[in-house]
Amino acid sequence: MEQSFDLVILGSGSTAFAAAIRAAELGKAVAMTESRTLGGTCVNRGCLPSKNLIEAARVYWEALRPRFPGLRSKGVELDFAALVTQKDELIADYREKKYRSIVQGSDRIRVYEGHARFTLDGAVEVDGVRLRGTHYLIATGSRPHIPPVEGLDRVPYLTSDLLTSGEPMELRELPRSLVILGGGYIALELGQMFYRFGVEVTILERSARVLPPYEPEVSLAITKALTDEGVRIITGVSVHRVRQIDGGIEATGEREGLPVTVRAEQLLVAAGRVPNTDALGLEHVGVRTDERGFVLVDDYLRTTAPNVWAAGDVIDHYTDSQMATPVGAHDGVIVAVNALSGELRRADHRVIPRTIFTNPQVAVVGLTEAEAHARGYRCTCSAVPMDLVPRAGVVRDPCGVIKMVLDADTDRVLGVSMVGHDAGEVIHEAAMGIRLGATVHDFIDMVHVYPTMAEALKIVALSFFKDPSRLSCCAE
């Protein structure tokens with residue numbers, strides 16, 4: 001049985017839905033496919049469930065340890081199974097309202113369940129149903145990367161899929177201890193979350209510092225914040241072997257020529273993510289990938305095959321430090337417009353704000369100092385500790401740092417990195433400034449509400465010209 005559509009989308013995550021909705025708005029017929037759960041990674045086992053439990057962990061942690069003198073904790077009970085249940089209910093409700101109801105309410109969008117794969121004649125087959133499209137969009141997302149560590153195929157381990165609702169890998173009981181392979185954003189978010197729930201946590205990172213693509217000041221600040229709480233972080237360690245022992249897992253490796261052994265009840269693998277492109281039959285239609293499996297696309301998100309597009313986590317335009325769901329959704333719209341409207345829009349990934357939901361949050365946009373130098377800029381940089389930001393002191397959360405990178409020839413702001421209270425909210429001002437070509441003087445001249453965390457941008461801008469420790473309350 002073959003059915004025809006204007007656009008056939010492999011996947012049903014945020015990228016796929018954004019493309020499908022825009023295509024339907026253009027009056028086109030759309031098919032989406034899904035081999036797992038409608039809505040993809042973000043809603044089911046990524047952004048939303050993780051941020052729900054991370055916030056619960058913050059509330060629990062701060063209820064036991066008030067930041068303010070004069071507040072004394074009376075204690076709070078933790079029922080992790082109940083937290084997981086409320087998380088599942090929230091995700092089910094969100095999936096119903098934001099995904100399933102859209103399909104049910106549209107006469108132009110259909111979803112086919114099953115594994116999708118290109119056929120030799122250029123169609124897509126899903127469990128015996130052939131879907132013929134005028135255009136195709138590859139939006140199958142990504143999955144946890146499993147590193148080639150000896151013994152990993154013989155021991156039980158967790159991945160970020162532990163957040164999944166309604167599947168066997170969902171974690172419903174807290175372990176007593178946890179060792180995490182990896183020191184990226186997923187490892188830090190989940191590591192702090194589990195520690196705050198009372199789990200003994202050890203993070204093992206191969207590089208010399210956590211978050212290696214980020215500014216060194218960012219890595220140092222977030223490492224200090226987590227280790228001050230009690231999370232154990234070991235960097236520069238190569239894990240060679242894992243094995244099951246009585247009561248848990250043992251990971252062994254080497255650091256600076258010396259052996260390292262860590263034991264814990266459970267193992268969490270958080271060593272990055274890889275694209276879901278290896279079983280799609282891309283070779284049948286001439287879609288090329290790089291050596292890691294990412295689909296090659298041009299600035300308009302066209303692949304190497306005619307009328308086949310790709311967007312989201314399957315492409316390599318923004319994966320060096322952190323995959324970003326909103327970017328995929330943004331690009332999904334661009335694909336729909338480019339494929340179906342006759343208009344051609346470039347996918348511009350130069351200004352993408354990103355946030356890691358640790359506490360304090362990590363937020364970045366634009367270029368790091370190293371990236372600016374690599375691109376040929378003659379840049380100048382300044383970093384200011386967060387305890388110089390009045391709002392951070394007022395709310396008694398002064399840990400962190402903010403760094404600004406400038407083009408020394410034009411004073412234009414090239415990048416901002418921040419570790420601090422509500423950094424994920426502040427970074428949007430920096431992103432808009434960079435998008436519009438703002439200079440350091442624009443951030444200085446902008447009147448900021450006092451006291452707010454956004455004032456950190458003004459203070460770090462002023463630090464290029466004066467000592468920020470000698471400013472009065474309202475920085476000028």
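**Stop 1: Aspartate 445**

Select aspartate 445. This residue is exposed, because its relative accessible area is 61% and exposed means over 50%. You are looking at a predicted model, so treat every value on this tour as computed from that model. Aspartate 445 belongs to helix 11, which covers residues 440–445.

Now add alanine 461 to the selection. It sits 16 residues from aspartate 445 along the chain, and 9.8 Å separates the two C-alpha atoms.

Between helix 11 and helix 12 (455–462) there is a loop, and proline 451 is in it. Zoom in on the bond that leads from tyrosine 450 to proline 451. That peptide bond is cis, and its omega is near -10 degrees.

**Stop 2: Another cis bond**

Go to asparagine 359 and proline 360. A cis peptide bond links them, with omega about 5 degrees. Proline 360 is part of the loop between strand 17 (354–356) and strand 18 (361–366).

Keep asparagine 359 selected. It is one of the residues in contact with glutamate 229. That takes us to the next stop.

**Stop 3: Glutamate 229**

Select glutamate 229. You will find it in helix 6, residues 216–229. Is glutamate 229 buried or exposed? It counts as buried, because its relative accessibility is 17% and the cut-off for buried is under 20%.

Show the side chain of arginine 196 as well. A polar contact of 2.5 Å connects it to the side chain of glutamate 229. Setting aside neighbours within four places in sequence, glutamate 229 also touches Trp61, Gln192, Tyr195 and Asn359.

**Stop 4: Strand, helix, strand**

Stay with helix 6 and colour strand 9 and strand 10 beside it. Together, strand 9, helix 6 and strand 10 form a right-handed β-α-β unit. Strand 9 covers residues 200–205 and strand 10 covers residues 232–235; they run parallel and are joined by four bridges. For one facing pair, pick glutamate 205, which stands opposite threonine 235 in strand 10.

Next, follow the loop between strand 9 and helix 6 to leucine 211. Check its backbone angles. Leucine 211 is not a glycine, yet its phi is positive, about 50 degrees. Leucine 211 counts as buried because its relative accessible area is 2%.

**Stop 5: A second positive phi**

Jump to asparagine 307. Where is asparagine 307 found? Look in the loop between strand 15 (273–275) and strand 16. Asparagine 307 is not a glycine either, and its phi is positive at about 65 degrees. With 41% relative accessibility, asparagine 307 counts as partly exposed.

**Stop 6: Helix 7**

Select residues 325–340. This is helix 7, with 16 residues. From first C-alpha to last, helix 7 reaches 23 Å, close to the 22 Å expected at 1.5 Å a residue.

Why is helix 7 described as largely enclosed by the rest of the structure? Because 12 of its 16 residues are buried. Among them are Val327, Gly328, Ile334, Val335 and Leu340. Polar residues appear on the buried list too, including Asp331 and Asn338.

Now show what surrounds helix 7. Its buried residues pack against strand 1 (2–10), helix 1, strand 6 (129–138) and strand 16 (308–310). Just past the end, select glycine 342. It follows helix 7, and its phi is positive, near 90 degrees.

**Stop 7: The cores**

Select leucine 137. Beyond neighbours within four places in sequence, its contacts include Leu7, Ile9, Ala19, Trp309 and Val335. Val335 is one of the buried residues of helix 7.

Leucine 137 is among the residues with the most contacts inside the largest nonpolar core, which has 52 residues. Ile9, Phe118, Val124, Leu131 and Ile138 are the others named there. Helix 1 (residues 14–25) supplies the largest share of this core, six residues. Another core, of 42 residues, lies apart from it; select Leu178, Ile180, Val218 and Leu268 to see some of its members.

**Stop 8: Aspartate 161**

Finish at aspartate 161, in the loop between strand 7 (142–144) and strand 8 (177–181). Aspartate 161 counts as buried, at 12% relative accessibility. Its side chain makes a polar contact of 3.2 Å with the side chain of arginine 36. Add Arg45, Pro144 and Met169 to the view: aspartate 161 is in contact with these as well.

Methods:
Residues are numbered from 1 along each chain as its sequence is written. This is a predicted model: local features need pLDDT of at least 70, side-chain atom pairs count only at pLDDT 80 or more; totals for chains, interfaces and linings use all residues. Side-chain values use heavy atoms; hydrogens and water are left out. A nonpolar core is a set of buried Ala, Val, Leu, Ile, Met, Phe, Trp, Tyr and Cys residues joined through side-chain atoms within 4.5 Å. Buried means under 20% relative accessible area, exposed over 50%, partly exposed in between (1.4 Å probe, protein chains only). Helices (H or I, at least four residues) and strands (E, at least two) are DSSP runs, numbered from the N terminus. Contact means heavy atoms within 4.5 Å. A polar contact is a pair of N or O atoms within 3.5 Å; within protein, one must be able to donate a hydrogen and the other to accept it, and residues adjacent in sequence count only if both atoms are side-chain atoms. Two strands pair if DSSP finds at least two bridges between them. A crossover is right-handed if, with the strands pointing away from the viewer, the path from the first strand over the helix to the second runs clockwise. The expected span of a helix is 1.5 Å times one less than its number of residues.
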